[in-house]
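This briefing addresses helix packing, backbone geometry and solvent exposure. Please consult the sequence and the structure shown below alongside the points that follow.

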Amino acid sequence: MSKHKKEEIYARLFNFSRPTYFKWKREGVPAMQLLLKYFTDEELDCFLATGVIPRMETRAAESEEFKLFREFVEWKKWKAEQ
């Protein structure tokens, strides 16, 4: 359970007033729909506190693209030391 109310989280996330949260939700603003559908209040609260969403960090670290990027960075470091 998040320690903040949903409208407080979104007000902080978008830097707008609490009434705007209700207006955007009612109007179906796409960014609002995306966040409401795919992220929990706890994840967004965590993001506001830490700058990361652990679930997303884990996925990024496990992706094939990330592994290839990490190998490239390591190769660049190795090449620079030669």
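Asn15 has a relative accessibility of 71%, and because exposed means over 50%, this residue counts as exposed. The model is a predicted one. Asn15 is located in the loop that links H1 to helix H2 (18-27), and its backbone is treated first below.

**Backbone conformation**

- Most residues other than glycine have a negative phi.
- Asn15, which is not a glycine, has a positive phi, near 60°.
- A positive phi of about 85° is also taken by Gly51, and Gly51 comes just after H4.

**Packing of H1 and H3**

- Two packed helices are described by the angle between their axes and the distance between the axes.
- For helix H1 (residues 6-14) and helix H3 (residues 30-38), the packing angle is about 125° and the axes lie 13 Å apart.
- An angle of about 125° falls outside the ranges for roughly parallel (under 35 degrees), roughly perpendicular (65 to 115) and roughly antiparallel (over 145), so H1 and H3 are oblique to each other.
- The crossing in which H1 passes H3 is right-handed.

**Buried positions in H1 and H4**

- Ile9 belongs to helix H1.
- With a relative accessibility of 0%, Ile9 counts as buried, because the cut-off for that class is under 20%.
- Helix H4 spans residues 41-50, and its buried residues include Asp41, Glu43, Leu44 and Asp45.
- Ile9 and Asp41 are 32 residues apart along the chain, and their C-alpha atoms are separated by 7.4 Å.

**Helix H6 and the nonpolar surface patch**

- Five aromatic residues, namely Phe66, Phe69, Phe72, Trp75 and Trp78, form a nonpolar patch on the surface.
- Together these residues have about 560 Å² of accessible area.
- Trp75, one of the residues in this patch, sits in helix H6 (residues 64-81).
- The relative accessibility of Trp75 is 43%, so Trp75 counts as partly exposed.
- Lys76 is likewise part of helix H6.
- Lys76 has a relative accessibility of 45% and therefore counts as partly exposed.

**Separation in sequence and in space**

- Which distance separates Lys76 and Lys6 in space, C-alpha to C-alpha? The two residues are 44 Å apart in space and 70 residues apart in sequence.
- For the pair Ile9 and Asp41, the C-alpha separation is 7.4 Å.

Key
Residues are numbered from 1 along each chain as its sequence is written. This is a predicted model: local features need pLDDT of at least 70, side-chain atom pairs count only at pLDDT 80 or more; totals for chains, interfaces and linings use all residues. Side-chain values use heavy atoms; hydrogens and water are left out. Patches are made of residues with over 30% relative accessible area and no salt bridge: like charges are joined within 9 Å, nonpolar side chains (Val, Leu, Ile, Met, Phe, Trp, Tyr) within 5 Å. Accessible areas come from the Shrake-Rupley method with a 1.4 Å probe; for residues, only the protein chains shown count as cover. A salt bridge is a side-chain nitrogen of Lys or Arg within 4 Å of a carboxyl oxygen of Asp or Glu. Helices (H or I, at least four residues) and strands (E, at least two) are DSSP runs, numbered from the N terminus. Buried means under 20% relative accessible area, exposed over 50%, partly exposed in between (1.4 Å probe, protein chains only). Axes are lines fitted to C-alpha atoms, for helices over the stretch in contact, and angles run from 0 to 180 degrees between N-to-C directions. A crossing is left-handed if the near helix is turned anticlockwise from the far one by less than a right angle, and right-handed if clockwise.
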